[in-house]
Amino acid sequence: MKVLPGFLERFEGEIIFCDTDNINTDGIYPDDVSTEKMAEVYMSNYDKAFASSAQEDDILVAGFNFGCGSSREQAATAILAKKIPLVVAGSFGNIFSQNSINNALMGVINAVLRETRGVGRIESFSSD
């Protein structure tokens with residue numbers, strides 16, 4: 001299978017949970033922040049400690065309707081600025097999904113994900 005330019009052919013990292021449904025684009029990226037600070041503030045409207053607990057190459061796992069709300073493209077690019085290559089969610093907001101594709105942020109739908117609360121880390125994950 002051919003991988004489109006900008007997308008990773010392989011990824012591996014720890015999973016960081018954002019186990020809440022309906023995280024909107026404002027929760028992912030606040031509107032009053034410069035693009036230079038994207039990586040520092042991403043997900044801060046959801047959880048102030050989230051950006052500091054997430055690390056480069058982590059895999060973000062969320063609930064249903066991740067990225068709902070406005071057409072804020074920075075929601076996808078802020079995740080990439082933090083160097084998070086993959087988001088797995090129960091579903092994605094339509095515009096967020098398109099913005100992710102346009103910016104080479106990989107998104108995978110897993111309908112088994114259900115609403116729970118909190119942020120946590122688990123064992124490593126590999127695409128192999």
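The following legends describe close-up views of a predicted model of a protein.

**Figure 1. Overall arrangement of the protein.** The secondary structure of this predicted model comprises five helices and five strands. Along the sequence these elements follow the order β-α-α-α-β-α-β-α-β-β. The protein has 128 residues, of which 43% are buried. Among contacts with a sequence separation of 6 or more, 74% join residues that lie 24 or more positions apart. The accessible surface amounts to about 7000 Å², and carbon and sulfur atoms account for 51% of that area.

**Figure 2. The largest nonpolar core.** This core contains 25 residues, and the members that touch the most others are Tyr-42, Leu-60, Phe-66, Ile-79 and Phe-96. At least two core residues are supplied by each of the following elements: strand S1 (12–18), helix H2 (38–41), helix H3 (50–53), strand S2 (59–62), helix H4 (74–81) and strand S3 (86–89). Helix H4 gives the largest share, with four residues. A second core, separate from this one, has eight residues, including Ile-15, Phe-17, Ile-59 and Val-88. In soluble globular proteins, nonpolar side chains tend to be buried together.

**Figure 3. The surroundings of Tyr-42.** Tyr-42 is one of the residues that touch the most other members of the largest nonpolar core. When residues up to four places away in sequence are not counted, Tyr-42 touches Ile-28, Phe-50, Ala-51, Ala-54, Ala-78, Ile-79, Lys-82 and Ile-84. One of these partners, Ile-79, is likewise listed among the core members with the most contacts to other members.

**Figure 4. The buried and exposed faces of helix H5.** Helix H5 spans residues 94–102, and within this helix Phe-96, Asn-99 and Ser-100 are buried. These three residues lie on the same side of H5, because they cover an arc of only 105° around the axis. An α-helix has 3.6 residues a turn, so residues three or four places apart point the same way. The buried residues of H5 pack against helix H1 (25–28) and H4. On the face turned away from the buried side, H5 carries the exposed residues Asn-94 and Asn-102. After H5 comes Ala-104, which has a positive phi near 65°.

**Figure 5. Ser-100 within helix H5.** Ser-100 is located in helix H5. Its relative accessible area is 5%, so Ser-100 is buried. Apart from neighbours within four places in sequence, Ser-100 is in contact with Ala-76 and Leu-105.

**Figure 6. The salt bridge between Asp-26 and Arg-72.** The protein has one salt bridge. Asp-26 and Arg-72 form this pair, and their closest N and O atoms are 2.8 Å apart. Asp-26 belongs to helix H1 and Arg-72 to the loop between S2 and H4, so the pair ties together parts that are 46 residues apart in sequence. The two partners may also be described by their accessibility. Asp-26, with a relative accessible area of 36%, is partly exposed. Arg-72 has a relative accessibility of 17% and therefore counts as buried, the cut-off for a buried residue being under 20%.

**Figure 7. Two cysteine residues.** The count of disulfides in the protein is zero. Cys-18 has a relative accessibility of 0% and counts as buried. Cys-68 is also buried, with a relative accessible area of 16%.

**Figure 8. Loop residues with positive phi.** Most residues other than glycine have a negative phi. Met-43, which is not a glycine, nevertheless has a positive phi near 70°. This residue lies in the loop between H2 and H3. Met-43 counts as buried, since its relative accessibility is 0%. Asp-57, also a residue other than glycine, has a positive phi near 75°. The place of Asp-57 is the loop between H3 and S2. At 35% relative accessibility, Asp-57 counts as partly exposed.

How values were computed:
Residues numbered from 1 in each chain as written. Predicted model: local features only at pLDDT ≥ 70, side-chain atom pairs only at ≥ 80, totals over all residues. Heavy atoms only, no water. Core = buried A, V, L, I, M, F, W, Y, C linked by side-chain atoms within 4.5 Å. Buried < 20%, exposed > 50% of the residue type's maximum accessible area, 1.4 Å probe, protein only. Contact = heavy atoms within 4.5 Å. Arc of directions from axis to C-beta. Salt bridge = Lys/Arg side-chain N within 4 Å of Asp/Glu carboxyl O. Areas by Shrake-Rupley, 256 points an atom, 1.4 Å probe, with all protein chains shown as cover. Disulfide = S-S within 2.5 Å.
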